[in-house]
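Me: Please take a close look at the salt bridges of this structure. I would like to know which side chains take part and how accessible the partners are.

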Amino acid sequence: MTTAFASDNYAPAHPAVLDAVAAANAGHAVAYGDDEWTARLREIVRHHFGAQALAFPVLNGTGANVISLASLLPRWGSVVVSDVAHVNVDENAAPERMSGTKLLTVETGDGRLGLDALERYAENAGDPHRAQPLAVSLTQSTELGTVYGVHELKELSAAAHRRGMVVHMDGSRIANAAVSLGVPLRALTTDAGIDVLSFGGTKNGIMLGEAVVVLAPEALATTSSGYGSDPDAVVEFVRKMSMQLASKMRYVSAQLVALLDPERDLWHENASRSNAAAARLRAGLDDVGAATAGAEGPRIRATQPTEANAVFALLPRDVADRVRERFRFYDWRPGPSDDLVEVRLMCSWDTTDDDVDAFLAELDAAARSESPLR
């Protein structure tokens, strides 16, 4: 069985990343981030996100999200999020358990929060009996594979700031979103009004590590009373108490440097590959659905726009089970009837055209052998 479509977390580290780790593994270096690789990462982050940007390497995405939200909010603050947001569904309530930050969910059809989401909990503001909506967290690209456009982000950020809210972005797949829109990373973050970014590398070719990137340091100083007025210190304290401060940080930083170094922009190269694989997969899935459609229309069909490196599709359960004998992938949620299931197919930086074509051939064979074919 191949795992090519289960998750971009399954993919190996890019060879250039492993080379960077090996190069960093020479002699002694000062621990906890006072090393040349972390210094270089700070320079590169300023290149991509602006002179004000501050970078804090961490060990994983959940840690990055927890630290970001805890650094932005006072104890009485809460965060407006999509109902399918990773922080809400897939992090075992870590923001709430670790930092006491309550999540206020809003139902979304495609994973994207709209301006109306900011009004959903507006009546809570100023009421001491209610958790105060002081932040909004956006995932880019979303958990459903959709992408916020630049204009959408600017509108959401501006509306949040007018309400006294800060804006966090879970950018576990921000590279895929930037490639999809054909814009630099800064356009989706600093220039769009995002205050703090959880920058993702694990899903885009590195071995281990993410980064908290503070884009608006003043957001921390104004909302994190009790931690001091130095934004650098705010995140430093929260990172340590969240158990995300790596002693041998040079190895995490070296990977992020390899990914973000503007001399190559490996982040862009890797995300371009995974997005292209998803586009090929989506086109082939549409073809299979049309070729095997019955009188009531295609039983194999996409359920979300394919805008990054994910394809969501409705499949007959018996077809999904047969294809899964060769290709691992996950069910997302039940379909509209018991014999249908919605699945998620993820493409990675190393997904090849042959991987995609082999999957589509198996899907086509399974669909044609389905009995009865409708």
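Reply: Glu342 is a suitable place to begin, for this residue is buried, with a relative accessible area of 5% (buried means under 20%, exposed over 50% and partly exposed in between, with a 1.4 Å probe and protein chains only). The model is predicted, so local features require a pLDDT of at least 70 and side-chain atom pairs a pLDDT of 80 or more, whereas totals for chains, interfaces and linings use all residues. Residues are numbered from 1 along each chain as its sequence is written, and side-chain values use heavy atoms, with hydrogens and water left out.

The partner of Glu342 is Arg333: the two form a salt bridge whose closest N and O atoms are 2.5 Å apart (a side-chain nitrogen of Lys or Arg within 4 Å of a carboxyl oxygen of Asp or Glu). Arg333 is partly exposed, at 34% relative accessible area, while Glu342 is buried. This pair therefore joins a buried acid to a partly exposed base.

A second contact links Arg280 with Asp353, where the closest N and O atoms are 3.6 Å apart. Arg280 belongs to helix α12 (residues 266-291) and Asp353 to helix α14 (residues 353-369), so this pair ties together parts that lie 73 residues apart in sequence (helices are DSSP runs of H or I with at least four residues and strands are E runs of at least two, numbered from the N terminus). Arg280 has a relative accessibility of 35% and counts as partly exposed; Asp353, at 43%, is also partly exposed.

In a third pair, the side chains of Glu269 and Arg264 meet in a salt bridge, with 3.0 Å from N to O. Glu269 is partly exposed at 23% relative accessibility, and Arg264 is partly exposed at 45%.

Salt bridges also form a network here, which links Arg40, Glu43 and Asp261. The count for the model comes to 20 salt bridges, among them the pair of Arg333 and Glu342.

For the burial of a whole element, one may turn to strand β1 (residues 54-58). Four of its five residues are buried, and the strand is mostly covered. β1 runs antiparallel to strand β7 (residues 210-214), and five bridges join the two (strands pair if DSSP finds at least two bridges between them). Within this pairing, Ala55 stands opposite Val213 of β7.
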